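Let's take a walk through this structure together, one region after another. Keep the viewer open so that you can click on each residue as we come to it.

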Amino acid sequence: RFGSVELATQPAIYSSGYRLGLSTDLSGAKLMQPSITRAQERATEQRIAGAEANLEAQVAQQYLSVLQAREVVAQAEREVARTEEHQRLAQARLDVGAGTPLDVRRAETQKGQAQVRLVQARNTLATATLGLGQLMGVDLQPGAQLTSEFALFQPQFDAAGPIAQALAGNPNLRAARSQAGAARTGVRAARSSYLPTLSFGMNLEGTKYRTGNVEGLVQQEIAGAQQQLNGCIQGNRLAQLLGDAPRDCSQYAFTPEGIRSQVRSQNSGFPFDYDREPVSASFSVSLPIFTGLSRHQQVEEARAR
């Protein structure tokens, strides 16, 4: 009791509900995004092909460097053998009196220089072999033997043919062209920011309530039905005094058990017998006008890229 107001005990109320929502935004940037992604994918594939071609070219060039270093070693070995013969010849000429000690010293110096060049050539060969293994991802020892040979031939084509072939099929150039194509698609996507944005949404929902104790509702319904019945009886009494025809009050007749059964029936079906709300949908179109030149900046940045 609060002053003259008596507050009845409020029963516990349980509720369940569902809500299904669908919303989407359509704009030029979103519609262009698949095209941008496909263009970037093509550019990435071309860059991978270009990297593969570059690696193959580097391996082939390093392979040729190893073959060249091997030939240099063979030449250095022949030079060492030649200087040894010169030394023996100079020593023999000195022994028979046809030569001088200076000739022997000159031959020994040439032999020593040839041996130094041979050591340097072998070191260059070992370094080139290790570099080839590094490019190939293989542990090549300095003594590894290369079996592929390259035949020498006289080129029979003019310069225009290889240039046209390179311009049409060079992997790095194709990758650059694909990247430029992706950037051009990005420019179109940036320009699409001047187009309006469409938004659509739809909601479908329902709820269900259940009262923990229905006695309060039963008493409230009984009081309301009794009030209607008493009003009908009171109206008939007034109509009798005024000489009017009485109303039929049987329609307001009730029984407490009937009302209790009705209230319990209305309170059943929890939690899945939902009372569905009307479907709501929305559609909007937005077109920003004043953006502080941000759209113009995005377009210019995309053109620069």
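In this predicted model, strands β1 (13-26) and β2 (197-211) run antiparallel and are joined by 14 bridges. If you would like a residue pair to start from, pick I13, which stands opposite T211 in β2.

Now stay with β2 and look for its other partners. One of them is β4 (280-286): seven bridges join β2 to β4, and these two strands run antiparallel. A handy pair to click on here is L198 with V285, since L198 stands opposite V285 in β4. Strand β3 (275-276) pairs with β2 as well, through two bridges and again in an antiparallel manner. For this pairing, find G206, which stands opposite R276 in β3. While you are looking at these strands, one rule of thumb may help: in a regular strand, side chains alternate between the two faces of the sheet.

With the strands in view, we can turn to the surface. Which residues form a nonpolar patch there? They are L22, L26, L31, L198, F200, M202, V279, F283 and V285, and together they have about 840 Å² of accessible area. The elements giving two or more residues to this patch are β1, β2 and β4. The most comes from β2, which gives three residues. You have already met L198, whose place is in strand β2. Is L198 buried, partly exposed or exposed? L198 counts as partly exposed because its relative accessibility is 31%, and partly exposed covers the range between 20% and 50%. Its partner across the strands, V285, belongs to the nonpolar patch too.

A patch of another kind involves charge. E205, D273, D275 and E277 form a negative surface patch. To find E277, go to the loop between β3 and β4. With a relative accessible area of 37%, E277 is partly exposed.

Next, follow the chain past β4. The loop between β4 and α7 (294-304) holds I289. How exposed is I289? Its relative accessible area is 60%, so I289 counts as exposed; the cut-off for that label is over 50%. I289 also makes a good landmark for comparing sequence with space: I289 and Y194 are 95 residues apart along the chain, and their C-alpha atoms are separated by 8.7 Å.

For another such landmark, jump back to the loop between α1 (28-95) and α2 (101-136), where you will find T100. T100 counts as partly exposed, at 38% relative accessibility. T100 and A76 are 24 residues apart along the chain, while 27 Å separates their C-alpha atoms.

Let's finish with the salt bridges. How many are there in the model? The count comes to eight, and we can visit some of them here. Begin in helix α2, where R106 and D103 are three residues apart and therefore separated by about one helical turn. R106 forms a salt bridge with D103, and the closest N and O atoms are 3.0 Å apart. R106 is partly exposed at 43% relative accessibility, and D103 is likewise partly exposed, at 30%.

Move on to helix α6 (residues 256-266), where R260 and E257 are also three residues apart, so about one helical turn lies between them. Their side chains meet in a salt bridge, with 3.3 Å from N to O. Are these two residues buried or exposed? R260 is buried, because its relative accessible area is 15% and buried means under 20%. E257, by contrast, counts as exposed at 56% relative accessibility.

The last stop is helix α7, which contains both R303 and E300, three residues apart, or about one turn of the helix. Here the side chains of R303 and E300 meet in a salt bridge of 3.4 Å, N to O. R303 is exposed, with a relative accessible area of 51%. E300 is partly exposed, with 33%.

Note on methods
Residues are numbered from 1 along each chain as its sequence is written. This is a predicted model: local features need pLDDT of at least 70, side-chain atom pairs count only at pLDDT 80 or more; totals for chains, interfaces and linings use all residues. Side-chain values use heavy atoms; hydrogens and water are left out. Patches are made of residues with over 30% relative accessible area and no salt bridge: like charges are joined within 9 Å, nonpolar side chains (Val, Leu, Ile, Met, Phe, Trp, Tyr) within 5 Å. Accessible areas come from the Shrake-Rupley method with a 1.4 Å probe; for residues, only the protein chains shown count as cover. A salt bridge is a side-chain nitrogen of Lys or Arg within 4 Å of a carboxyl oxygen of Asp or Glu. Lys and Arg count as positive and Asp and Glu as negative; His and the chain ends are not counted. The place of a charge is taken as NZ of Lys, CZ of Arg, CG of Asp or CD of Glu. Helices (H or I, at least four residues) and strands (E, at least two) are DSSP runs, numbered from the N terminus. Buried means under 20% relative accessible area, exposed over 50%, partly exposed in between (1.4 Å probe, protein chains only). Two strands pair if DSSP finds at least two bridges between them.
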